[in-house]
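Subject: Structure handover

Hello,

Here is the structure I promised to pass on. Please open it first, then read my notes below.

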Amino acid sequence: DPGLVEAYLIKVAILRDRQEFAEAMDVINAAIAHMEPRLERNAKSAAFRENLAKLYVTRATLQDEPEAQVADMD
């Protein structure tokens, strides 16, 4: 279920441990792509915003470029 943020985060952690960084990045990008369009209608939900923030922070840890890391943290 693409709505399960924790499942995405666990899968990314497993892939990162296996050093499969490209696939981990694909998974986290898919999660963000799924969540971002729903942000406007869930803007008042602290839980939704927290989950989206977790995805961005996780993606920042996978980025190679400092500029991309900063962009994700913003």
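Let me start with a single residue. Glutamine 19 is found in the loop between helix 1 and helix 2. Keep in mind that this is a predicted model. Glutamine 19 is not a glycine, yet it has a positive phi of about 65°. The residue comes just after helix 1. Is glutamine 19 buried or exposed? At 60% relative accessibility, it counts as exposed.

Now the overall picture. The protein has 4 helices and 0 strands. From the N terminus on, the order is α-α-α-α. The radius of gyration is 12 Å, and the globule rule gives 11 Å for 74 residues, so the protein is as compact as a globular protein of that length. Its C-alpha atoms fill a box of roughly 35 × 30 × 15 Å along the principal axes. Of the 74 residues, 30% are buried. Take the contacts with a separation of 6 or more: 47% of them are between residues 24 or more positions apart.

Helix 1

Helix 1 covers residues 5-17. At 1.5 Å a residue, its 13 residues should span 18 Å. The end C-alpha atoms are 18 Å apart, which agrees. Which residues of helix 1 are buried? They are Val5, Tyr8, Leu9, Val12 and Leu15. These buried residues cover an arc of only 125° around the axis, so they lie on the same side of helix 1. The general rule helps here. An α-helix has 3.6 residues a turn, so residues three or four places apart point the same way. On the other side of helix 1, Ile10 and Asp17 are exposed. What covers the buried residues of helix 1? The cover includes helix 2 (21-35) and helix 3 (46-62).

Helix 3

The same check works for helix 3. Its 17 residues should span 24 Å at 1.5 Å a residue. The end C-alpha atoms are 25 Å apart, which agrees. The buried residues of helix 3 are Phe48, Leu52, Leu55, Tyr56, Thr58, Arg59, Ala60 and Leu62. Their cover includes helix 1, helix 2 and helix 4.

Two of these residues deserve a stop. The first is threonine 58, in helix 3. It counts as buried because its relative accessibility is 13%, and the cut-off for buried is under 20%. Leaving out residues up to four places away in sequence, threonine 58 touches Leu9, Val12, Arg16 and Ile28.

The second is leucine 62. With residues up to four places away in sequence left out again, leucine 62 touches Val12, Arg16, Phe21, Ala24, Met25 and Ile28.

The core

How many residues are in the largest nonpolar core? There are 17. Val12, Ile28, Met35, Leu55 and Leu62 touch the most other members. Helix 1, helix 2 and helix 3 are the elements that give two or more residues to this core. Helix 2 gives the most, with 7 residues.

Two loop residues

Glutamine 63 sits in the loop between helix 3 and helix 4 (66-73). Glutamine 63 counts as buried, at 18% relative accessibility. Which residue does its side chain join by a polar contact? The partner is the side chain of aspartate 72, and the contact is 3.0 Å. Setting aside neighbours within four places in sequence, glutamine 63 is in contact with Met25, Ala68, Gln69 and Asp72.

Serine 45 is in the loop between helix 2 and helix 3. Serine 45 has a relative accessible area of 27%, so it is partly exposed. Where is it relative to aspartate 17? The two are 28 residues apart along the chain, and their C-alpha atoms are separated by 32 Å.

To look through the model yourself, start with glutamine 19 in the loop between helix 1 and helix 2. Then go to Val12, one of the buried residues of helix 1. From there, move on to threonine 58, which touches Val12. Finish at glutamine 63 and its polar contact with aspartate 72.

Best wishes

Key
Residues are numbered from 1 along each chain as its sequence is written. This is a predicted model: local features need pLDDT of at least 70, side-chain atom pairs count only at pLDDT 80 or more; totals for chains, interfaces and linings use all residues. Side-chain values use heavy atoms; hydrogens and water are left out. The expected span of a helix is 1.5 Å times one less than its number of residues. Buried means under 20% relative accessible area, exposed over 50%, partly exposed in between (1.4 Å probe, protein chains only). The arc is that of the directions from the helix axis to the C-beta atoms. Contact means heavy atoms within 4.5 Å. A polar contact is a pair of N or O atoms within 3.5 Å; within protein, one must be able to donate a hydrogen and the other to accept it, and residues adjacent in sequence count only if both atoms are side-chain atoms. A nonpolar core is a set of buried Ala, Val, Leu, Ile, Met, Phe, Trp, Tyr and Cys residues joined through side-chain atoms within 4.5 Å. The radius of gyration is taken over C-alpha atoms; the globule rule is 2.2 Å times the number of residues to the power 0.38.
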